[in-house]
Amino acid sequence: MDKRKLQWHPAFFAVLQIELGKDRNYLRFYAEYNLTRKPLQIDVLVVKEESCREIQKNIGRIFRRYNVVEYKAMKDYVNVNDFYKVMGYACIFQSNTERVMEILPSDVTVTLAGEHFPRKLSMYLRNAYGVDMEMEYPGIYYIRGLLFPVQVLVIRELSKEDNMWLSRLRSGLSLHEDIEILASEYKGMERNPLYETAMDLIIRANWETYQEVREMCDALMELFADKLEEREILGIEKGIQNGLRQGVMKGEYTKLITQVMRKVEKGQAAVKIAEDLMEPLPVIEGIYNLILHNPGISAEQIYNKLSNPADNG
C-alpha cells in the first residue's frame with residue numbers, strides 16, 4: 001500500500017460517536033467547531049441536549065453541557081502547549097457570547113486525547129499548579145482544581161472491552177486480539193458512515209502488519225477487500241471514468257468535487273457524502289480517496305487526475 005498521509009481526525013470524530021452511541025440521542029457532535037468568525041477550530045465540540053442527563057459511557061461521565069475535545073493523532077502526544085491552547089479554546093468558547101455568563105464556566109469541560117501518557121505535562125501541572133492526573137478508569141485520567149474539569153484519554157491504556165473502538169484507533173494492532181474482534185463488530189455495519197470511517201483508517205494504519213500475517217483468514221480478507229487497494233482502483237479508474245463517459249461536463253464535475261471536499265473537511269465518510277449528494281458511491285469514493293491521500297490538492301487537480309488515470313502512477 002502507498003505510504004500516504006493517514007487522516008486520523010475524521011476517524012477519531014467517528015469513533016467518539018461510536019463509543020458514545022448509547023447516549024447518541026442526547027448529544028450533538030460538531031467537527032472542527034469554529035470558535036470565532038475567523039478560523040479558530042476546536043477538534044470536536046460535544047453538546048449535551050439535556051444538561052441534567054448523566055452520560056453512562058466512561059469517556060463521557062465527566063461531561064457537562066459543553067465539552068471541548070482535542071485529539072492528537074498517532075505518534076503525536078499531548079504537550080504543555082496543547083494543554084494551554086485547549087484551555088484557551090474553552091475560555092474563548094465560554095466568553096464568546098452575547099450576554100455575560102450566558103455559558104457558565106461550570107458547564108464546560110475539556111478532554112485531551114492521545115496515544116501515550118503525557119508524562120511531561122503531568123509533571124508540569126504538578127509543579128505549576130499542584131494538581132495531579134488521577135486515573136479514574138483505565139486510560140482515563142481526571143485533573144481537578146483547574147478552571148474547568150479536565151480529562152486525559154490515553155488511547156493505549158483504555159479498556160479494550162469498554163472502549164472497543166477508541167482503544168484500537170492506532171497502529172500496531174494484533175490480528176487475533178484486535179482485528180478479528182473489530183471485524184466481528186463491523187460486520188453488518190459496513191454502510192454506516194461512522195463505522196466505515198473508523199474501520200477504513202484502522203485498516204490502513206495497520207496494513208503493513210496484515211501483509212506480514214500469512215494466517216489472515218479468507219473471511220477477513222473478503223470483508224476488508226473493498227477498503228483497500230481495490231476500492232481505490234475501482235473507485236478512481238472505473239467509477240469516475242464511467243461518470244465522465246456519461247457526459248458529465250468539467251464545470252459540473254469540478255462543482256461536485258468541491259462539494260465533496262467541503263464534506264470531507266467536516267469529517268463525513270464517503271457513504272454519507274454519496275447519500276447526501278445522491279451520487280454513485282464509486283464516483284464519490286474516487287474523489288474521496290484523492291482528497292484524503294493528497295492534502296492541499298485542488299478541485300482542478302483532482303479533476304485532472306480522474307480524467308487521466310494513467311498519469312496517477
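Which strand is the place of I42? The views below are of a predicted model, and the first of them gives the answer.

**View 1. I42 sits in strand β2.**
Strand β2 covers residues 41–48, and I42 is placed within this strand. I42 has a relative accessible area of 1%, so this residue is buried, the limit for that class being under 20%. Once residues up to four places away in sequence are set aside, I42 touches A31, E32, Y33, L35, V68, V69 and Y89. Y71 is 29 residues from I42 in sequence, and the C-alpha atoms of the two are 9.5 Å apart in space. One of the residues touched by I42, E32, appears again in View 4, among the residues closest to the centre of the largest pocket.

**View 2. Q17 is a buried residue of helix α1.**
Helix α1 runs over residues 8–19, and Q17 is part of this helix. The relative accessibility of Q17 is 6%; Q17 counts as buried because the class takes in values under 20%. The side chain of Q17 reaches two partners in this view. One is the backbone oxygen of F13, at 3.1 Å. The other is the side chain of R24, joined to the side chain of Q17 by a polar contact of 3.1 Å. Apart from neighbours within four places in sequence, the residues in contact with Q17 are R24, F29 and L194.

**View 3. The structure holds 1 cavity of 30 Å³ or more.**
The space in the largest cavity comes to about 110 Å³. Its lining is made up of 12 residues, and those closest to the centre are Q7, D200, L201, R204 and L292. Helices α1, α5 (193–205) and α11 (281–293) are the elements that each give two or more residues to this lining. The largest share, 4 residues, is that of α5. By class, the lining of the largest cavity divides into 6 nonpolar, 3 polar and 3 charged residues.

**View 4. The largest pocket has a volume of about 540 Å³.**
This pocket is lined by 23 residues, of which Q7, P10, E32, V264 and E265 are the closest to its centre. Q7 is also listed among the residues closest to the centre of the largest cavity. At least two lining residues of the pocket come from each of α1, β1 (27–34), β2, α9 (250–265) and α11. Helix α1 supplies the largest share, 5 residues. The lining of the largest pocket has 14 nonpolar, 5 polar and 4 charged residues. Both α1 and α11 also give two or more residues to the lining of the largest cavity in View 3.

**View 5. M101 and L104 lie in the loop between α2 and β4.**
The elements on either side of this loop are α2 (80–95) and β4 (108–114). M101 has a phi near 60°, a positive value in a residue other than glycine. The relative accessibility of M101 is 46%, which means partly exposed, as the value is neither under 20% nor over 50%. L104 is also partly exposed, with a relative accessible area of 36%. From L104 to Y66 the separation is 38 residues in sequence, and 9.6 Å in space, C-alpha to C-alpha.

**View 6. The cysteines C52 and C91 are shown in a model with a count of 0 disulfides.**
A disulfide is a covalent bond between the sulfur atoms of two cysteines. The cut-off applied to a pair of cysteine sulfur atoms is within 2.5 Å, and by this rule the count is 0. C52 has a relative accessible area of 70% and is therefore exposed, the class being over 50%. C91 has a relative accessible area of 30% and is partly exposed.

**View 7. The protein chain has 12 helices and 7 strands.**
This view puts the close-ups in the setting of the chain. Of its 313 residues, 50% count as buried, and I42 and Q17 are examples of buried residues. Among contacts in the protein chain with a separation of 6 or more, 61% join residues 24 or more positions apart.

How values were computed: Residues are numbered from 1 along each chain as its sequence is written. This is a predicted model: local features need pLDDT of at least 70, side-chain atom pairs count only at pLDDT 80 or more; totals for chains, interfaces and linings use all residues. Side-chain values use heavy atoms; hydrogens and water are left out. Buried means under 20% relative accessible area, exposed over 50%, partly exposed in between (1.4 Å probe, protein chains only). A polar contact is a pair of N or O atoms within 3.5 Å; within protein, one must be able to donate a hydrogen and the other to accept it, and residues adjacent in sequence count only if both atoms are side-chain atoms. Contact means heavy atoms within 4.5 Å. On a 1 Å grid over the protein atoms alone, a cavity is a set of points where a 1.4 Å probe fits but cannot get out, and a pocket is an open set with protein on both sides within 12 Å along at least five of seven lines; lining residues have an atom within 4 Å of a point. Grid points are joined across faces, edges and corners, and a volume is the space filled by probe spheres set on the points. Ala, Val, Leu, Ile, Met, Phe, Trp, Tyr, Cys and Pro count as nonpolar, Asp, Glu, Lys and Arg as charged, and the others, Gly among them, as polar.
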